[in-house]
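Thanks for making time this morning. I would like to walk you through one model, beginning with a part of its surface and ending with the whole chain.

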Amino acid sequence: MSISSPLVILAVFLIMLALLFGTVLVAAVAQAIVNKVRGEHGPQENTTTYPTMLYPRY
């Protein structure tokens with residue numbers, strides 16, 4: 001099987017995609033842990049980190 005085989009290219013692409021997704025997931029979990037440890041759960045702290053309205057504003 002040659003290096004330039006479409007199957008090899010697809011496999012490498014999927015591995016790269018999985019690595020990227022994993023990195024983003026780890027970063028999100030780390031951010032959540034940091035927020036929990038710091039006790040930041042008000043909307044005013046999270047406006048910069050989460051521009052999308054994940055937390056309801058009370």
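On the surface, Leu10, Phe13, Leu14 and Leu17 form a nonpolar patch with about 400 Å² of accessible area together, the areas coming from the Shrake-Rupley method with a 1.4 Å probe, where for residues only the protein chains shown count as cover. This is a predicted model, in which local features need pLDDT of at least 70 and side-chain atom pairs count only at pLDDT 80 or more, while totals for chains, interfaces and linings use all residues. Residues are numbered from 1 along each chain as its sequence is written, and side-chain values use heavy atoms, with hydrogens and water left out.

Patch members have over 30% relative accessible area and no salt bridge (a side-chain nitrogen of Lys or Arg within 4 Å of a carboxyl oxygen of Asp or Glu), with like charges joined within 9 Å and nonpolar side chains, namely Val, Leu, Ile, Met, Phe, Trp and Tyr, within 5 Å. Leu10 itself lies in helix α1, residues 6-38, helices being DSSP runs of H or I with at least four residues, numbered from the N terminus.

Technical notes
Helix = DSSP H or I, 4+ residues; strand = E, 2+ residues; numbered from the N terminus.
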